[in-house]
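Here is a friendly walk through one chain, from its overall fold down to a few residues worth a second look. Please keep the model open beside you as you read.

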Amino acid sequence: MRKLVVLAASILLCTLAQAQGADDSGTSAGITIVPRIDLNPVFYNGKYNEVTLGNSSLYSLFEGDISDKLSFSVCDHWLSSEPKYLYQNTWRSDDVNWCDWAYLEYYPGNFVITAGKQVVTFGGFELEEYDYDVHFDMMSSLFNYFQCYQWGLKAGWMNDSESTGLFLQATSSPYGEKPFDAMAYSLQYQGNYGPVSLLYSTNIIDDWAGGYEWMFSLGNQVELGDWTLQLDLTNKVGDLDNVLVDGVTAFGTAKYSPSDKWEFIGRAGYERSTDSFAEFSRGTFGLAAHCFPLNVSRDLRVHAAAAYNTYYKMTSLTLGLMYYLHIPRNR
């Protein structure tokens, strides 16, 4: 395991050095190191249960342009509240590990081709969030239980104004233990029309029984001045034991950014499973406040959040810090 980590770090550093030393005007590269520390008291039925480390983590985001038509992105998850699982799960497709994604992206003209480990194109705007930015207890079970980082290939087209796009993708399925034990196929439509943005997708996902799951997602967003409103709808519910179950997931989000220094987020969601072996319904409600004391750069974030889950009768409180350390170099 240690050899894999050292190899990954060596490749990352060598690639950065090459990108920084290049003479091509289209070449650029940079690393963002993201440490986060949380304290997360949890209550069940109104009674104190435990204090966890919440979404405490250490990430690195390494990305840049190799040429004017070829770019790369690598996101590594080095530490979590339970770091041993990140490294035990190396090369697994059914659980998270230390490499979230690592891909090359080639974009000739209006087309784009993405190859490598990448995010499965499902869900709505909830999936557009970086893992290190969110508060897990405010997110849907699809976000928390569907292993969306998979090896594969994606091809897409955008019109000249980049307002409309269509994307086809083939990746490993999270039902498989190893990459390509099973497959997942996706078709996504992207629309950006002034203040309105749309993410609509259809997914066919191989499952454990040799069959497949159909998943449909409708992501809707509108920006109104300091407000951003989102509504995500899906015909599946995430499940810890079964990955996906039939049902409905509906989550609404309201983000209010009155200044560069403050951001407030409210989320409300409803999930209902209709599968006979796992019938349940639950609501999730959450509020979060983010303060950026260094408001010019927004590199330091102080955050507080509270969430309630009706199924578990669980109240979760979070207080923490996060810092974005940028190490850019452009030519």
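Helices (H or I, at least four residues) and strands (E, at least two) are DSSP runs, numbered from the N terminus. On that basis the chain has three helices and 18 strands. Its radius of gyration, taken over C-alpha atoms, is 20 Å, close to the 20 Å that the globule rule (2.2 Å times the number of residues to the power 0.38) gives for 331 residues, so the chain is as compact as a globular protein of that length. The C-alpha trace spans about 60 × 50 × 50 Å along its principal axes.

A word on the ground rules: this is a predicted model, in which local features need pLDDT of at least 70 and side-chain atom pairs count only at pLDDT 80 or more, while totals for chains, interfaces and linings use all residues. Residues are numbered from 1 along each chain as its sequence is written, and side-chain values use heavy atoms, with hydrogens and water left out.

**Packing and surface**

Buried residues (under 20% relative accessible area; exposed is over 50%, partly exposed in between; 1.4 Å probe, protein chains only) make up 46% of the 331 residues. Taking contact to mean heavy atoms within 4.5 Å, residues 24 or more positions apart supply 52% of the contacts with a separation of 6 or more. By the Shrake-Rupley method with a 1.4 Å probe, the chain exposes about 16,400 Å², and 60% of this comes from carbon and sulfur atoms.

**Aromatic rings**

Rings of Phe, Tyr and Trp (its six-membered ring) pair if their centres lie within 6.5 Å; planes under 30 degrees apart count as stacked, over 60 as edge-to-face and the rest as tilted. This rule yields 20 aromatic pairs. One of them joins F43 and Y48 edge-to-face, with 5.9 Å centre to centre and 70° between the planes. F43 is partly exposed, because its relative accessibility is 22%. Elsewhere, ring pairs link Y59, W101, Y130, Y132, Y149 and Y324 into a cluster.

**Two backbone angles to check**

Which places hold V243 and K313? The table puts them side by side.

| Residue | Phi | Place | Relative accessibility |
|---|---|---|---|
| V243 | near 70° | strand β13 (residues 243–259) | 10%, buried |
| K313 | about 50° | loop between β16 (300–309) and β17 (314–323) | 43%, partly exposed |

V243 has a positive phi in a residue other than glycine, and K313 likewise has a positive phi although it is not a glycine.
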